[in-house]
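Biologist: Please take me through one part of this model closely. I would like to start with the ligand and its surroundings, then move on to the backbone.

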Amino acid sequence: MPYPLYPFVKPYLMTRGLQPENQETPIQFIKTDTIDYQLFYRRNHFAYPGLSYSNYWLPINGLVKTAKCFSLQDILRLPSKTLKVVLECAGNKRSLFEPKVFGEQWEKGAISQGYWKGVPLRTLLELAGMKEGAKEVVVEGYDYGRRTDLDTVHTYARSLPIYKAIHPDTIIAYEYNNRPIPFKHGYPLRLIVPQWYAMASVKWIKQISVIDSDFTGPFQSVDYVYYPHKENDEGAFPVTTIKVNSTIQKPLNMEVLNTGKHIIEGIAWTGKGNITKVEVSTNGGKTWTEAKVSQQNKEGYAWSAWKFEWSVAAKGEYTLMAKATNSYNQEQPATPFWNRKGYGYNAIEKIKVKIE
Ligand SMILES: Nc1nc2c(c(=O)[nH]1)N[C@H]1C(S)=C(S)[C@@H](COP(=O)(O)O)O[C@H]1N2
Ligand SMILES: [Mo]
């Protein structure tokens with residue numbers, strides 16, 4: 001008797017780099033709408049930080065009435081909320097850009113989601129009291145290192161404009177899927193910024209500072225900027241909100257199938273608004289039919305699963321496509337917005353299969 005495949009066979013992370021660790025989720029093999037931390041993609045700019053957990057404090061300083069220092073116990077006692085949020089790396093799907101761009105060659109798995117529990121950043125800002133003139137809130141991580149382009153040492157730090165920092169769903173998270181956040185994903189505290197690409201969701205928070213100017217750290221002024229031109233920085237603008245997007249999970253690209261009925265399925269997600277429609281084409285974009293989209297949770301911070309039943313009688317090669325639309329009537333474009341650092345790829349999802 002042959003052994004059943006499951007549970008002996010399971011997917012693994014796909015390694016893009018080890019120093020620092022960058023690995024993607026095997027998104028084609030994810031069947032649930034919350035991802036186990038073992039399969040959550042990992043994106044790091046530096047080596048993992050060394051932390052002394054027994055003595056963790058979270059300072060909040062800068063342009064505040066009373067500088068504060070919160071213990072983990074203080075944070076755990078404050079009113080919390082739990083949100084299902086997708087984190088998508090701005091470089092997700094970078095390998096699909098034509099012409100190709102430098103950077104981690106992410107395929108489609110620099111994306112994951114689950115339940116994050118934490119305290120609104122707003123609550124901490126209220127306890128400290130922002131002073132007049134406050135413009136941005138900088139969140140700094142414990143990890144640091146030398147950049148190849150600038151010969152200087154930096155920590156990983158990012159800012160949020162005040163409106164985003166005080167959004168009630170921007171949280172200082174301490175749990176992922178009902179457990180303390182795993183070390184590689186930011187233990188003990190990480191920022192979660194729903195609707196923005198995940199560079200904003202700073203891990204291993206070291207301190208929070210309120211400032212009266214535009215933060216100019218390199219992860220904001222050099223990286224995570226859309227540069228529309230190869231040769232110059234004209235028209236550059238910051239990477240923020242996740243674009244409407246989708247991924248086909250099944251069938252696999254270049255899979256060989258038989259004639260008959262097949263389920264085409266995948267996920268669709270958006271920063272702004274909700275997913276309102278996913279259309280599928282099985283003839284390379286000549287005609288489109290609406291897929292069945294699962295109910296999204298109310299905030300719209302998570303992805304929606306979708307399904308389409310395809311009956312195919314004729315043998316041959318087929319291009320299967322998926323196109324998501326959000327409640328702002330934004331849809332995936334036919335061609336991606338090419339930019340030098342390869343952020344925000346969201347062109348119509350496309351795979352090929354052969355029927356024989
Ligand atoms: N401290 C710190 N926070 C960070 C990063 C980092 O390198 N250091 N990377 C950011 C980027 S670009 C992404 S895509 C996500 C990845 O989070 P994950 O490793 O938990 O998937 O974390 C963000 N927060
Ligand atoms: Mo990222």
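Modeller: What follows covers the ligand site, then some backbone features, then one annotated span.

This is a predicted model, and that applies to every value below.

Start with where the ligand lies. Ligand 1 sits in the largest cavity. There are 18 residues around ligand 1. Those that come nearest are Tyr 41, His 45, Asp 143, His 185 and Lys 203.

Now the polar contacts. Two side chains meet oxygen atoms of the ligand. Lys 203 places a polar side-chain atom 2.6 Å from an oxygen atom of ligand 1. His 45 has a side-chain N or O atom 2.7 Å from an oxygen atom of ligand 1. Ser 201 uses its backbone instead: a polar backbone atom there is 3.0 Å from a nitrogen atom of ligand 1. How much of ligand 1 does the protein cover? On its own, ligand 1 has 540 Å² of accessible area, and the protein covers 100% of that.

Next, the backbone. Begin with the loop between β10 (171–176) and β11, where Asn 177 is found. Asn 177 is not a glycine, yet its phi is positive, about 45°. Is Asn 177 buried or partly exposed? Its relative accessible area is 21%, and buried means under 20%, so Asn 177 counts as partly exposed.

Tyr 224 also has a positive phi without being a glycine; the value is near 55°. Tyr 224 belongs to the loop between α4 (218–221) and β14 (225–226). Its relative accessible area is 5%, so Tyr 224 is buried.

Then come the cis peptide bonds. One runs from Tyr 187 to Pro 188, with omega near 0°. Where is Pro 188? Look in the loop that links β11 (179–180) and β12 (190–192). Another cis bond joins Lys 250 and Pro 251, again with omega about 0°. Pro 251 lies in the loop between β16 (245–250) and β17 (255–257).

Last, the annotation. An unreviewed UniProt entry lists residues 240–354 as "domain: Moybdenum cofactor oxidoreductase dimerisation". That name comes from the record, not from the coordinates. In the model, the span 240–354 is 49% strand and 0% helix. The C-alpha atoms at its two ends lie 38 Å apart.

Technical notes. Residues are numbered from 1 along each chain as its sequence is written. Chains are lettered from A and ligands numbered from 1 in the order in which they are written. This is a predicted model: local features need pLDDT of at least 70, side-chain atom pairs count only at pLDDT 80 or more; totals for chains, interfaces and linings use all residues. Side-chain values use heavy atoms; hydrogens and water are left out. Helices (H or I, at least four residues) and strands (E, at least two) are DSSP runs, numbered from the N terminus. Buried means under 20% relative accessible area, exposed over 50%, partly exposed in between (1.4 Å probe, protein chains only). UniProt positions are given in the numbering used here, feature names are shortened, and annotations may be inferred rather than shown by experiment. A residue is near a molecule or strand if one of its heavy atoms lies within 4 Å of it. A polar contact is a pair of N or O atoms within 3.5 Å; within protein, one must be able to donate a hydrogen and the other to accept it, and residues adjacent in sequence count only if both atoms are side-chain atoms. Accessible areas come from the Shrake-Rupley method with a 1.4 Å probe; for residues, only the protein chains shown count as cover. On a 1 Å grid over the protein atoms alone, a cavity is a set of points where a 1.4 Å probe fits but cannot get out, and a pocket is an open set with protein on both sides within 12 Å along at least five of seven lines; lining residues have an atom within 4 Å of a point. A molecule sits in a cavity or pocket if more than half of its atoms lie within 2 Å of its grid points.
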